[in-house]
Amino acid sequence: MGRIHVLPEHVANKIAAGEVVERPASVVKELLENALDAGSTRIRINVEAGGKKLIQITDNGCGMVRDDALLAFERHATSKIKDAEDLLSVASLGFRGEALPSIASVARLRLETRAPDEASGTVIEINGGKILRVEEAGLPPGTSISVRDLFFNTPARKKFLKAESTELSHIASLVTHYALAHPEKHFELHSATNAMLVAPPVSDSRERVYQVFGKEVLDQLIPVAASQLLEHPGLPQPPPWRRAQLEQSPGGIESPGANPVEIRLHGFVSKPEIQKLNRNSIYVFVNGRLIRDRLVQHAILEAYRNILPPTVFPVVLLLLELPNGEVDVNVHPSKTEVRFRQQSVMHDFVRDSVRAALMKARPVPQFATEIHAHATAGISLTPGALAAGTPGSEPWRDGYAAAAAQGFALQAPQPPPVSERLAFGVDGIAVEANAAVSLARLPQQFVNGDGCIPPVAEEPEASSELAPSLASLKPLGQVRESFILAVNGEGLWIIDQHVAHERVLFERVLKQRAAQKVESQHLLMPLVIELTPAQQAVFSEISGELNSNGFETEPFGARSIAVKAAPAGVEGPQIEHMLNELLEQFAREEQSLNLERIRARIAASIACHAAIKVNMPLEQNKMEWLLAELAKTDCPMTCPHGRPVVLRYSMKDIQKAFKRI
């Protein structure tokens, strides 16, 4: 008996589900695209438990008759293509015919559908790929699909799903961006507790951005619109076997590229001040299809070259429109990757269009100045570097562009070819702070025949305990009002004043939270903050911990919150920035959120926003206080973000650099 056999239908469907259905957001994407292909103008999505318990999508599209509804759950059954030639110019969002049978094989699915010209509708219930019930029912025109208990029969897949808030955040982000790409349609997203998104149809994308995100976000975006004629569209030449058929046809062979076609681009890109930690805020639609294409992403980043640091990313919403024959969507099972027939043309078109919009939006002198400033500090900026006071930024990175332009390094000078006496001029040597040491305290030293004094006496090696060393430090002054210079018997120390104070405040906030004695300050007027649907999903989970850390918040409308109190030390303008930063960080979290992680992240953000900033002059007593408090902390070596707080140059290193040992 042979060893190779054909897999049963239900096994093949589960294999396909592994490619198509990655998480609840994948189900929403497939069903949402089906609703758009059906010509729907009103789409409603209901979600429970982040999509794990229920995903229901209802539309007012064309619906299906009974036979089509049954046939839709067969593998590779579709109404969108008929033969191989159609694959060369796919006009619909879906075409593979795998989504419905794949979803039905790993969930409990209920389909309700009715075509407008039919007297009654059809109800189909499928449990794990097995049809349980098919019956007629009185239904409104359109289709409603309910997906319950996703991955109930594949516990291994269910185990790897993330926290409910994370899955809900992915769904909210997906629906939000499809709503942005289709402003002429009505979208609604409802969770078990509230309406996360209600977007009635509007006239254009600008109104949709204002409708979904508000005026502040719209003001931070730059509109982009461009068009270009595409020469030589379509395939270069048909294959020989196809050419022979075309020659025998009445029309003959049409010369490819005879009629240039137009490609269009419109959307929004963010100003250089808005920066993100990853590419997750870059959304590209090609003919209404959400894609993740490396070519387009590379073109966008090339447009921002020398405008943004190389390790941060912009916020982009681009919608590309081009003939269906110019893009191949049959590349990936989930249809998130495409291939352009003229890749270099598309790359240059996107890059030049975005670059031109950025150049037009800013005066040239300021633009050139910012390019120079970013270029000089680009390497020293770490991922997540952002401009001060902008959404999504991290304040501990503010100001480092100037302070880090010149790195600190001990280098040995080249020995002079001839030894000669140094001639000191009339001009004195300027010494800042208290760096000068009284010559009266120095013992008399004799100069050797080579013109050098003997090496400094050996000092005992520094102990491994950092706290006693910090306690003995004597501050000398500041470098660019950002780094404290200090000395003790072990050598020269450089302390980053911002992250040092951040470490002190971080441990203080954690101790106050453990004792439930967090200091807070009431605001004169409540601060109203508007949340995106993704942020709203995260806020509902961490709001309790926020209140325990000094915040006092309450719902204020459908998607807004009112902040009445904030932790002590955080300035008013920083409160909204800090909350937006926290919600974005938690929305990107892939792992399940536990209480300890939430508590540490909130404490780190409070400490970061309340700490001493760079480019801030400090008096001698304040520097002494900061070093003393840093010595009392449990972990004075690094800040809550993992960056070093202090650098030490031992006497041995200094003597080596000066060629004394």
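These are my notebook entries on what I looked up in this structure.

**Entry 1: the whole chain**

I began with the model itself, which is a predicted one. I then looked at how the protein chain is built and found 20 helices and 22 strands in it. The chain has 661 residues, and 45% of them are buried. I looked up how far apart in sequence the contacting residues lie. Of contacts between residues at least 6 apart, 72% join residues at least 24 apart. The protein chain exposes about 34,000 Å². Carbon and sulfur atoms supply 55% of that area.

**Entry 2: the eight-strand sheet**

Next I looked up an open sheet of eight strands. In what order do the strands stand? I read the order as 5-4-3-6-2-1-7-8, with mixed pairing. Which strands stand at the edges? Strand 5 (130-137) and strand 8 (195-199) do, each with a single partner strand, so one side of each has no neighbour in the sheet. From one strand to the next, the twist averages 10°.

I then followed strand 8 to its partner. Strand 7 (residues 186-190) runs antiparallel to strand 8, and four bridges join the two. I noted one facing pair: Leu189 stands opposite Leu197 in strand 8.

**Entry 3: the nonpolar cores**

Leu189 came up again when I turned to the cores. The largest nonpolar core has 58 residues. Val147 and Leu189 have the most contacts inside this core. Which element gives the largest share? Helix 6 (residues 164-181) does, with nine residues. A second, separate core has 33 residues. I listed some of its members, including Ile222, Leu308, Val329 and Val338. I add a general remark here: in soluble globular proteins, nonpolar side chains tend to be buried together.

I listed what Leu189 touches, leaving out residues up to four places away in sequence. Its contacts include Ile45 and Val47, as well as Ile171, Ala172 and Val175. Leu189 also touches Ala195, Met196 and Leu197.

**Entry 4: Thr176 in helix 6**

I stayed with helix 6 and picked Thr176, which lies in it. Is Thr176 buried or exposed? Its relative accessible area is 3%, so I wrote it down as buried. The side chain of Thr176 reaches the backbone oxygen of Ala172 at 2.6 Å. Beyond four places in sequence, Thr176 touches Leu197, Val212, Phe213 and Pro533. I also looked up a C-alpha separation. Thr176 and Glu188 are 12 residues apart along the chain, and their C-alpha atoms are separated by 9.4 Å.

**Entry 5: helix 10**

I moved on to helix 10 (residues 294-303). Which of its residues are buried? I found Leu295, Val296, Gln297, Ala299, Ile300 and Ala303. I then asked what covers the buried residues of helix 10. The cover includes strand 11 (282-286), strand 13 (316-321) and strand 15 (339-340). Helix 11 (343-361) is also part of that cover. I checked the start of helix 10 too. There, a side-chain oxygen of Asp293 reaches to within 3.1 Å of the backbone nitrogen of Leu295.

**Entry 6: helix 15**

I chose two residues here. Arg503 has its place in helix 15 (residues 497-514), and Glu507 is in helix 15 as well. Why does Arg503 count as buried? The cut-off is under 20% relative accessible area. Arg503 counts as buried because its relative accessibility is 7%. Glu507 has a relative accessible area of 9%, so it too is buried.

I looked up their contacts beyond four places in sequence. Arg503 touches Leu630, Thr633, Cys635 and Pro636. Arg503 also touches Thr638, Cys639 and Pro640. Glu507 touches Thr633, Asp634 and Cys635. I marked Thr633 and Cys635, which appear in both contact lists.

**Entry 7: the three-strand sheet**

Last, I looked up an open sheet of three strands. Its order is 19-21-20, with antiparallel pairing. Strand 19 (520-530) and strand 20 (552-555) stand at the edges. Each has a single partner strand, so one side of each is left without a neighbour in the sheet. Neighbouring strands of this sheet are turned by 15° against each other on average, direction ignored.

How many bridges pair strand 20 with strand 21? I found four bridges, in the antiparallel sense, between strand 20 and strand 21 (residues 560-567). Glu554 stands opposite Ala562 in strand 21.

Methods: Residues numbered from 1 in each chain as written. Predicted model: local features only at pLDDT ≥ 70, side-chain atom pairs only at ≥ 80, totals over all residues. Heavy atoms only, no water. Buried < 20%, exposed > 50% of the residue type's maximum accessible area, 1.4 Å probe, protein only. Contact = heavy atoms within 4.5 Å. Core = buried A, V, L, I, M, F, W, Y, C linked by side-chain atoms within 4.5 Å. Pairing = 2+ DSSP bridges. Axes fitted to C-alpha atoms, helices over the stretch in contact; angles between N-to-C directions. Areas by Shrake-Rupley, 256 points an atom, 1.4 Å probe, with all protein chains shown as cover. Polar contact = N/O pair within 3.5 Å; in protein donor to acceptor, adjacent residues only side chain to side chain.
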